[in-house]
Amino acid sequence: MSTPPIFDERFTGELAELFAWRRDVRHFHTRAVETAMMDDLLASACRAPSVGLSQPWRLARVRQEERREAVRAIYRRCNADAQSLQPAERAGLYARLKLSGLEEAPEQIAVFIDPDPATGGGLGRATMPETLAYSAVLAIHTLWLGASARGLGLGWVSILDPVAMAGALDVPAHWRFVAYLCIGYPREPSDVPELERAGWERRAPLADVLLER
Ligand SMILES: Cc1cc2nc3c(=O)[nH]c(=O)nc-3n(C[C@H](O)[C@H](O)[C@H](O)COP(=O)(O)O)c2cc1C
């Protein structure tokens with residue numbers, strides 16, 4: 001057992017700044033991310049909480065150009081479908097949004113879960129098997145905050161076909177796709193979400209999402 005650190009007011013103030021400046025990033029410099037930094041980030045993602053300590057996340061670091069092109073092809077197809085489903089008044093704005101950094105992000109990580117991991121003994125997921133996916137999302141968020149703290153950006157791409165993704169990346173057939181993450185140095189850090197800057201949606205005030213009972 002080690003001695004727990006003391007997180008002082010200065011730290012919590014900086015943590016609040018980190019929360020405010022963490023962004024979903026779609027515009028990257030192509031400059032490589034240092035290997036030790038990536039190793040560190042991936043290790044810290046795996047310290048996330050998980051149901052029953054099941055650690056169901058499975059990470060595929062996608063480096064091969066032909067695999068990256070296969071992912072881009074899936075994205076182009078899914079994005080065209082998504083665009084065609086937009087109501088007329090939003091179609092133009094949707095078309096102008098940049099919804100992935102797949103072309104330029106130097107690091108790309110596909111996140112899957114093993115839906116029946118040998119770890120965790122089934123604890124906590126009998127009535128809610130979806131807690132396995134929630135656990136993977138927490139690993140992603142841990143990675144996201146860790147990346148932001150190091151001046152890196154992360155963009156979550158979900159405009160993808162999960163079955164096609166598993167095929168394109170040749171992962172075990174029973175894994176379930178959760179997310180595709182683009183990571184790299186951001187072009188324009190901001191404390192306002194890009195979709196808010198583009199006029200797509202606004203951040204809701206706490207009162208809109210909080211009930212008292
Ligand atoms: C589950 C999930 C899926 C997302 N999928 C996409 C996506 O496919 N493309 C995209 O540009 N952003 C995607 N995002 C990012 C959101 O658009 C972004 O988090 C939101 O606009 C708030 O901006 P912020 O993260 O910079 O605060 C996704 C975020 C989450 C949590």
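1. Two residues are taken to be in contact if their C-beta atoms, placed from the backbone, lie within 7 Å. The model under discussion is predicted, and the remarks on packing below rest on that contact criterion.

2. Overall architecture. The protein chain holds seven helices and four strands, which follow one another along the sequence in the pattern α-α-β-α-α-β-α-β-α-β-α. Its radius of gyration is 19 Å, close to the 17 Å given by the globule rule for 213 residues, so the chain is as compact as a globular protein of that length. The C-alpha trace spans about 55 × 45 × 45 Å along the principal axes.

3. Burial and contact order. Of the 213 residues in the protein chain, 26% are buried. Among contacts with a separation of 6 or more, 85% join residues 24 or more positions apart.

4. Helix H3, geometry and faces. Helix H3 covers residues 65-84; at 1.5 Å a residue its 20 residues should span 28 Å, and the end C-alpha atoms are indeed 28 Å apart. Val71, Ile74 and Tyr75 are the buried residues of H3. Viewed down the helix axis, the buried residues of H3 fall within an arc of 100°, so they line one face of the helix. An α-helix has 3.6 residues a turn, so residues three or four places apart point the same way. Exposed residues lie on the other side of H3, namely Glu65, Glu66, Glu69, Ala73, Ala80 and Ser84.

5. Helix H3, packing partners. The buried residues of H3 pack against strand E3 (153-157), helix H6 (162-169) and strand E4 (176-184).

6. Helix H5. For the 19 residues of helix H5 (residues 131-149), 1.5 Å a residue leads to an expected span of 27 Å, in agreement with the 27 Å between its end C-alpha atoms. Buried in H5 are Leu132, Ser135, Ala136, Ala139, Ile140, Leu143, Trp144, Gly146, Ala147 and Ser148. The cover over these buried residues includes helix H1 (9-21), helix H2 (35-45) and strands E1 (57-61), E2 (107-113), E3 and E4. Just after H5, Gly151 adopts a positive phi of about 80°.

7. Ligand surroundings. The ligand is surrounded by Arg23, Asp24, Arg26, Leu99, Ser100, Trp156, Val157, Ser158, Ile159, Pro193 and Leu195. By class, this shell comprises six nonpolar, two polar and three charged residues.

Note on methods: Residues are numbered from 1 along each chain as its sequence is written. This is a predicted model: local features need pLDDT of at least 70, side-chain atom pairs count only at pLDDT 80 or more; totals for chains, interfaces and linings use all residues. A residue is near a molecule or strand if its C-beta atom, placed from the backbone, lies within 6 Å of it. Ala, Val, Leu, Ile, Met, Phe, Trp, Tyr, Cys and Pro count as nonpolar, Asp, Glu, Lys and Arg as charged, and the others, Gly among them, as polar. Helices (H or I, at least four residues) and strands (E, at least two) are DSSP runs, numbered from the N terminus. The expected span of a helix is 1.5 Å times one less than its number of residues. A residue is buried if 20 or more other C-beta atoms lie within 10 Å of its own, exposed if 12 or fewer, and partly exposed in between; C-beta atoms are placed from the backbone. The arc is that of the directions from the helix axis to the C-beta atoms. The radius of gyration is taken over C-alpha atoms; the globule rule is 2.2 Å times the number of residues to the power 0.38.
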